[in-house]
Amino acid sequence: MYGVEEEDPYCLHNVNELEKYVNEVGFLPLFRNDIPGFSVEERTVPTYWWSGDIDKDPWEWRAVIARKGKIAYGKFFNGKAGFISKKWLPYFANFRRDGYDFDALWDDEKASIRMKKIMDCFGEKEEYYSFELKEKAGFTKGGEKNFEGTMSELQMKTYLAVKDFRQKKNKKGESYGWAIAIYSTMEELFGKDVISKAYNETPQRSYERIISHMEDIYPVATEKSLRKVIGKI
């Protein structure tokens with residue numbers, strides 16, 4: 001793990017500081033990537049990761065932030081996890097979706113049947129544990145393949161995001177095991193008005209906004225690294 005000392009002025013010490021920072025910069029990957037300094041990892045103390053201490057562990061913070069529903073969390077950066085603020089989410093949605101809601105994407109034959117089977121599940125229920133969604137959408141033995149890859153693609157296109165992390169429950173209603181990701185649609189999490197807010201401008205314009213903002217806050221980023229982490233149009 002890369003990171004900083006606790007006394008470093010760039011160090012994020014708790015989940016409130018992380019939330020504030022994400023809202024300031026607009027969006028932030030969880031782990032180190034091709035853009036120096038552009039991650040939670042590089043602004044936190046390495047030894048606190050996976051410690052289970054909710055006050056200090058950035059791995060725990062991601063669950064707290066997802067649960068609050070004020071910042072989007074999911075695989076938004078080159079298929080890797082990270083955060084997008086509510087302010088910048090409309091621009092990512094417009095750029096990544098190329099102006100398409102999912103139904104329109106399917107109608108224009110731009111979505112795979114695997115994506116369709118997953119998204120159709122949310123017409124019946126607002127949220128799913130990842131293992132529930134996998135079974136419901138038919139990604140079981142003898143069925144569809146590449147569930148994780150398809151889920152990553154749907155998150156990259158901003159159709160889905162992580163709503164929470166929860167443990168399974170047994171028949172007595174008792175929680176057990178590791179906390180598992182709960183998924184929901186972006187529209188369910190943030191509202192259709194928020195997600196479609198930038199639909200009045202071209203996807204190209206939204207992309208240019210994001211890249212221009214990145215060039216301002218991370219001038220060390222190269223065009224190649226921006227295209228890899230943010231994407232291209």
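**Close-up views of a predicted model**

**View 1. The buried face of helix α5.** Helix α5 (residues 113–121; helices are DSSP runs of H or I with at least four residues, strands runs of E with at least two, numbered from the N terminus) holds Met115, Lys116, Ile118, Met119 and Cys121 as buried residues, where buried means under 20% relative accessible area with a 1.4 Å probe, protein chains only. These buried residues pack against α4 (102–107), β4, α6 (130–136), α7, β5 and β6, with contact meaning heavy atoms within 4.5 Å. This is a predicted model, in which local features need pLDDT of at least 70 and side-chain atom pairs pLDDT 80 or more, while totals for chains, interfaces and linings use all residues. Residues are numbered from 1 along each chain as its sequence is written, and side-chain values use heavy atoms, without hydrogens and water.

**View 2. An open sheet of 3 strands, ordered β4-β6-β5.** The pairing is antiparallel; two strands pair if DSSP finds at least two bridges between them. Because β4 (128–129) and β5 (160–169) are edge strands with a single partner strand each, one side of each has no neighbour in the sheet. Helix α7 (residues 147–156) packs on the sheet and touches β5 and β6; its direction makes about 135° with that of β5, taking N-to-C directions of lines fitted to C-alpha atoms, over the stretch in contact for helices, on a scale from 0 to 180 degrees.

**View 3. Where β4 meets β6.** Here 2 bridges join β4 to strand β6 (residues 175–185). Look for Tyr129, whose bridge partner in β6 is Ile182.

Technical notes:
Buried < 20%, exposed > 50% of the residue type's maximum accessible area, 1.4 Å probe, protein only.
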